[in-house]
Amino acid sequence: MANTPQARKRIRRNARRAEINGSRMSRIRTFVKKVEVAIEGGDKEAAQNALRDAQPELARGVARGVLHKNTASRKMSRLSKRVAAL
């Protein structure tokens, strides 16, 4: 158990940040899922629109520090490739 005031504060802060970051990641996954569903449905127009909406969410995740920039770049690249193949 944490004994110093700084350690107690750090535990409280980490719990808050984990909740916030968890909701951010969930939001990002939802946007990516919409693209994947549109791709599997074969609807190119819907997939392009969903990809357009997902791109800023991934970038925001990078800016907020919940995603590594290369991870976001890889996800965007793979999704773009799949949408273009429709």
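**Salt bridges and exposure in a three-helix model**

User: How far apart are R60 and E57 along helix 2, in helical turns?
Analyst: About one helical turn separates R60 and E57, because they are 3 residues apart in helix 2. The model is predicted.

User: What makes R60 and E57 a salt bridge?
Analyst: The closest N and O atoms of R60 and E57 are 2.6 Å apart. The cut-off is within 4 Å, between a side-chain nitrogen of Lys or Arg and a carboxyl oxygen of Asp or Glu. The pair therefore qualifies.

User: What makes the contact of R27 and E57 a salt bridge?
Analyst: The N to O distance between the side chains of R27 and E57 is 3.0 Å. A salt bridge has to fall within 4 Å, so this pair qualifies too.

User: Which parts does the pair R27 and E57 tie together?
Analyst: R27 lies in helix 1 and E57 in helix 2, so the salt bridge ties together parts 30 residues apart in sequence.

User: Why are R27, E57 and R60 called a network?
Analyst: Salt bridges link the three residues R27, E57 and R60. E57 pairs with R27, and E57 also pairs with R60. The whole structure holds 2 salt bridges.

User: How do you know whether E57 is buried or exposed?
Analyst: E57 has a relative accessible area of 7%. Buried means under 20%. E57 is therefore buried.

User: What class do R27 and R60 fall into, and why?
Analyst: R27 has a relative accessible area of 45%. For R60 the value is 39%. Partly exposed lies between 20% and 50%, so both residues belong there.

User: What share of the protein is buried?
Analyst: Buried residues make up 23% of the 86 residues.

User: How do you know whether the protein is spread out or a compact globule?
Analyst: Take the elements before the size. The protein has 3 helices and 0 strands, in the order α-α-α from the N terminus on. Its radius of gyration is 17 Å, well over the 12 Å that the globule rule gives for 86 residues, so the protein is more spread out than a compact globule. The C-alpha trace spans about 60 × 20 × 15 Å along its principal axes.

User: Which residues make the patch of positive charge on the surface?
Analyst: The patch gathers K9, R10, R12, R13, R16 and R17. Lys and Arg count as positive, so each of these residues carries the right sign.

User: What makes R13 fit the accessibility cut-off for such a patch?
Analyst: R13 sits in helix 1, residues 5–41. The relative accessible area of R13 is 34%. A patch residue needs over 30%, so R13 passes that cut-off. R13 is still called partly exposed, because exposed means over 50%.

User: Why is Q48 called partly exposed?
Analyst: Q48 has a relative accessible area of 28%. That value lies between the buried limit of 20% and the exposed limit of 50%, so the term fits. Q48 belongs to helix 2, residues 44–64. Q48 and V83 are 35 residues apart in sequence and 6.6 Å apart in space, C-alpha to C-alpha.

User: What makes R82 partly exposed, and where does R82 lie?
Analyst: R82 is in helix 3, residues 69–84. Its relative accessible area is 36%, so R82 falls between 20% and 50%. R82 and A50 are 32 residues apart in sequence and 13 Å apart in space, C-alpha to C-alpha.

Conventions
Residues are numbered from 1 along each chain as its sequence is written. This is a predicted model: local features need pLDDT of at least 70, side-chain atom pairs count only at pLDDT 80 or more; totals for chains, interfaces and linings use all residues. Side-chain values use heavy atoms; hydrogens and water are left out. Helices (H or I, at least four residues) and strands (E, at least two) are DSSP runs, numbered from the N terminus. Buried means under 20% relative accessible area, exposed over 50%, partly exposed in between (1.4 Å probe, protein chains only). Patches are made of residues with over 30% relative accessible area and no salt bridge: like charges are joined within 9 Å, nonpolar side chains (Val, Leu, Ile, Met, Phe, Trp, Tyr) within 5 Å. Accessible areas come from the Shrake-Rupley method with a 1.4 Å probe; for residues, only the protein chains shown count as cover. The place of a charge is taken as NZ of Lys, CZ of Arg, CG of Asp or CD of Glu. The radius of gyration is taken over C-alpha atoms; the globule rule is 2.2 Å times the number of residues to the power 0.38.
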